[in-house]
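User: I would like to go through this model by asking about its rings, sheets and cores. Please keep the answers short.

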Amino acid sequence: MNKMLSAIACAATLLATPVVAKEVRLASDFTYPPFNYMDTNGKPVGFDIEIADALCAEAQLKCTWVSQAWDSLIPSLLARKSDVIMASMRITEERKKRILFTNKYYQTPARFVAKTGSDIALTQSEMKGKVIGVQSGTIHDRYVTDKFGDVAEIKRYSGQDEVYIDMNNGRLDVTFGNSDQLALAFLDKEIGQGFEFIGKPVTDKAYIGEGTALALRQQDKALAEKFNQAIDTIRKNGTYDKIAAKYFSFDIYGEEL
């Protein structure tokens with residue numbers, strides 16, 4: 001009887017202990033250049049992709065990519081349709097209630113963009129009747145909804161690239177997003193000529209969070225720790241800086257906001 005009880009207890013312990021997977025499914029929406037997007041051949045490319053490749057190699061994990069809409073990234077992770085979200089997702093207190101984050105792998109403020117010379121002030125009175133474009137379900141969506149949802153029209157898009165098209169076509173007055181992505185994928189491109197940052201950078205951690213990280217199910221602590229160790233290693237051995245230099249002319253890793 002004692003041997004049987006010991007065997008049952010041992011089995012229960014094994015079942016309760018998260019196992020670090022050797023093959024990992026990484027999920028992204030691939031609508032966020034230069035961080036994660038598809039090239040003309042349908043291959044995942046961008047800063048997030050290269051960082052993920054480096055992390056998986058360092059952690060000795062076989063990683064594959066899964067394409068999912070932004071709004072479905074967390075539900076799909078919890079439903080075990082993926083194992084890790086690698087999609088420039090910010091660490092926020094609200095998200096930490098549902099999922100587990102690794103240490104950050106980059107950190108930037110958020111900013112507003114409008115047509116050059118529009119002189120739009122980011123106040124309730126000035127934003128009344130304005131049309132704001134944001135990617136649906138993001139921290140930027142939540143911020144503009146809380147700040148201006150009662151006075152402005154908020155148009156939500158499945159991908160950030162769609163926001164830029166409507167900005168260029170005059171369907172939006174303002175957009176709000178990560179400063180680096182807005183600069184690199186919009187303002188520095190032909191489609192973003194005639195637009196500029198307005199207002200001060202937004203760094204409120206209640207919205208902007210504590211940095212950008214990989215996201216996992218809360219029980220997958222061992223796998224998260226493998227990624228944390230890999231992040232630390234590629235930061236120290238120069239791999240991170242080599243990848244970042246291909247995309248940015250500034251320190252994307254960032255200090256505390």
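User: Which residue lies over the face of Y253, and at what distance from the ring centre?

Analyst: This is a predicted model. A charge counts as sitting over a ring when NZ of Lys or CZ of Arg is within 6 Å of the centre. The residue over the face of Y253 is K104, and its distance from the ring centre is 4.4 Å.

User: Over which ring does the charged end of K115 sit?

Analyst: The distance to the ring centre is 4.9 Å. The cut-off is 6 Å. The ring under the charged end of K115 is that of F195.

User: How many aromatic pairs does the structure hold, and what is the geometry of the one formed by F112 and F148?

Analyst: The structure holds 21 aromatic pairs. In the pair of F112 and F148, the centres are 6.2 Å apart and the planes make 75°. Planes over 60 degrees apart count as edge-to-face. The F112 and F148 pair is therefore edge-to-face.

User: Why does the pair of F112 and F148 tie together parts that are apart in sequence, and how many residues apart are they?

Analyst: F112 belongs to strand β8, residues 110–115. F148 belongs to helix α6, residues 139–148. The pair therefore ties together parts whose separation in sequence is 36 residues.

User: Are F112 and F148 buried or exposed?

Analyst: The test is relative accessible area, with under 20% for one class and over 50% for the other. Both F112 and F148 come out as buried.

User: Which residues with the most contacts inside the largest nonpolar core also belong to the ring cluster that includes Y32 and Y253?

Analyst: The largest nonpolar core has 31 residues, and those with the most contacts inside it are F47, I51 and Y240. Ring pairs link Y32, F35, F47, Y105, Y106, Y240, Y247, F248, F250 and Y253 into a cluster. The names found in both lists are F47 and Y240.

User: Which element gives the most to the largest core?

Analyst: β1, α2, β6, β13, α10 and α11 each supply at least two residues of this core. One of them gives seven residues, the most of any. That element is α2.

User: Leaving aside neighbours within four places in sequence, which residues are in contact with F47?

Analyst: F47 falls in α2, which spans 47–59. Leaving those neighbours aside, the contacts of F47 are P34, F35, Y105, Y106, Y240, I243, A244, Y247, F248 and I252.

User: How many residues does the second, separate core have?

Analyst: Its members include M127, V134, I139 and Y143. The count for this second core is 19 residues.

User: What is the strand order of the open sheet of five strands?

Analyst: The edge strands are β5 (62–67) and β7 (99–101), each pairing on one side only. The pairing is mixed, and the twist averages 35° from one strand to the next. The order is β5-β1-β6-β13-β7.

User: Which helix packs on the sheet and touches β1, β6, β7 and β13?

Analyst: The helix covers residues 221–236. Its direction makes about 160° with that of β13. The helix is α10.

User: In β6, which residue is the bridge partner of L26?

Analyst: Strands β1 (23–28) and β6 (84–90) pair in the parallel sense over two bridges. The partner of L26 is V84.

User: Which strands stand at the edges of the sheet of three strands?

Analyst: The sheet is open, with the order β2-β3-β4 and antiparallel pairing. Each edge strand has a single partner, so one side of each is left without a neighbour in the sheet. The edge strands are β2 and β4.

Definitions and conventions. Residues are numbered from 1 along each chain as its sequence is written. This is a predicted model: local features need pLDDT of at least 70, side-chain atom pairs count only at pLDDT 80 or more; totals for chains, interfaces and linings use all residues. Side-chain values use heavy atoms; hydrogens and water are left out. Rings of Phe, Tyr and Trp (its six-membered ring) pair if their centres lie within 6.5 Å; planes under 30 degrees apart count as stacked, over 60 as edge-to-face and the rest as tilted. Helices (H or I, at least four residues) and strands (E, at least two) are DSSP runs, numbered from the N terminus. Buried means under 20% relative accessible area, exposed over 50%, partly exposed in between (1.4 Å probe, protein chains only). A charge sits over a ring if NZ of Lys or CZ of Arg is within 6 Å of the ring centre and within 35 degrees of the ring normal. Two strands pair if DSSP finds at least two bridges between them. Axes are lines fitted to C-alpha atoms, for helices over the stretch in contact, and angles run from 0 to 180 degrees between N-to-C directions. Contact means heavy atoms within 4.5 Å. A nonpolar core is a set of buried Ala, Val, Leu, Ile, Met, Phe, Trp, Tyr and Cys residues joined through side-chain atoms within 4.5 Å.
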